[in-house]
Amino acid sequence: MARPTEEPAIDTLSWCRDHRGRDYSFDDFLKRVESFHGYPAPGVLIGAKMVDIAMRRMPAGVLFDAVCESSKCLPDAVQLLTPCTVGNGWLRLVPLGRYALTLFDKPSGQGVRVYVNPARLQPYPETRYWFFGIKPKRKDKSDLLIHEIRQAQDGLYGVQLVRIKPEFLSKAPSDPRAICPECGEAYPGGHGRICSGCKDGTSYYDKEEIK
């Protein structure tokens with residue numbers, strides 16, 4: 001009688017894979033998160049698994065863009081594992097407040113959307129507390145939270161096949177640059193007569209004298 005095949009140990013499983021095909025164990029990617037993000041953020045670990053799930057469902061060789069529906073942590077996971085960044089315009093933030101991302105084929109708009117499914121969080125209490133903000137951040141429970149995320153593997157997520165709307169696929173041309181009469185700096189002329197930074201209440205800083 002054949003002996004049953006043993007399940008691979010959780011420590012030997014790949015946590016995620018980047019667009020070049022490099023596999024990362026959970027511990028290896030945790031170190032990358034700490035280096036890139038500044039601390040072992042649970043949201044980036046979860047985001048990496050979401051990116052991995054989406055990429056595994058995309059056809060081979062597809063040149064894809066990405067959309068993040070939250071600006072918290074999730075974009076870092078996309079930028080660590082794919083060629084999509086905010087800077088090159090292949091990663092767009094659509095602030096819907098949902099912890100979800102979509103990878104989609106540039107020409108056709110066909111893609112895969114992955115999201116944290118609240119219905120699947122019940123077996124993972126620390127993850128549920130963290131996700132819903134039920135309790136304040138608890139440093140003494142952070143190891144347990146990381147452990148739950150690791151143990152859950154693909155179990156926290158929902159997956160949808162989607163098609164990006166045509167109007168979202170087209171990118172608006174950049175406005176010609178103009179010189180602001182107030183500050184003398186260049187800005188997109190479509191913003192108005194003066195730059196957004198000089199409009200009342202829209203600047204994020206106050207000037208101070210250089211001593």
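This passage looks at how two helices pack and where salt bridges form in a predicted model.

Helix α1, covering residues 26-37, packs against helix α3, covering residues 74-81. Their axes sit 11 Å apart and make an angle of about 115°, and α1 and α3 are therefore roughly perpendicular to each other. The crossing of the two is right-handed. On the α1 side, the contact is made by Phe-29, Arg-32, Phe-36 and His-37, and on the α3 side by Asp-76, Leu-80 and Leu-81. Sorted by character, the residues of this contact come out as four nonpolar, one polar and two charged.

Turning to charge pairing, side chains of opposite charge can pair when their charged atoms come close. The count for this model comes to eight salt bridges, and three of these pairs are described here in turn.

One of them joins Asp-23 to Arg-17, with 3.1 Å from N to O. Asp-23 has a relative accessibility of 41%, so it counts as partly exposed. Arg-17 also comes in at 41% relative accessibility and therefore counts as partly exposed.

Another salt bridge brings the side chains of Arg-56 and Asp-154 together, at 3.0 Å from N to O. Arg-56 belongs to helix α2 (residues 42-57), while Asp-154 lies in the loop between α5 (142-152) and β7 (157-163), so the pair ties together parts of the chain that are 98 residues apart in sequence. Arg-56 is partly exposed, with a relative accessible area of 46%. Asp-154 is partly exposed as well, at 30%. This pair does not stand by itself: Arg-56 and Asp-154 are linked with Lys-49 and Asp-52 in a network of salt bridges.

The side chains of Lys-106 and Asp-65 form a further salt bridge, with an N to O distance of 2.1 Å. Here too the pair links distant parts of the chain, with the two positions 41 residues apart in numbering. Lys-106 is found in the loop between β5 (100-105) and β6 (110-116), and Asp-65 in strand β3, residues 64-68. How buried or exposed are the two partners, Lys-106 and Asp-65? Lys-106 has a relative accessible area of 23%, which makes it partly exposed. Asp-65, by contrast, is buried, with a relative accessible area of 4%. The cut-off for buried is under 20%, so Asp-65 at 4% falls below it, and Lys-106 at 23% does not.

Definitions and conventions
Residues numbered from 1 in each chain as written. Predicted model: local features only at pLDDT ≥ 70, side-chain atom pairs only at ≥ 80, totals over all residues. Heavy atoms only, no water. Axes fitted to C-alpha atoms, helices over the stretch in contact; angles between N-to-C directions. Helix = DSSP H or I, 4+ residues; strand = E, 2+ residues; numbered from the N terminus. Parallel < 35°, antiparallel > 145°, perpendicular 65-115°, else oblique. Left-handed = near helix turned anticlockwise from the far one by under 90°. Contact = heavy atoms within 4.5 Å. Nonpolar A, V, L, I, M, F, W, Y, C, P; charged D, E, K, R; others polar. Salt bridge = Lys/Arg side-chain N within 4 Å of Asp/Glu carboxyl O. Buried < 20%, exposed > 50% of the residue type's maximum accessible area, 1.4 Å probe, protein only.
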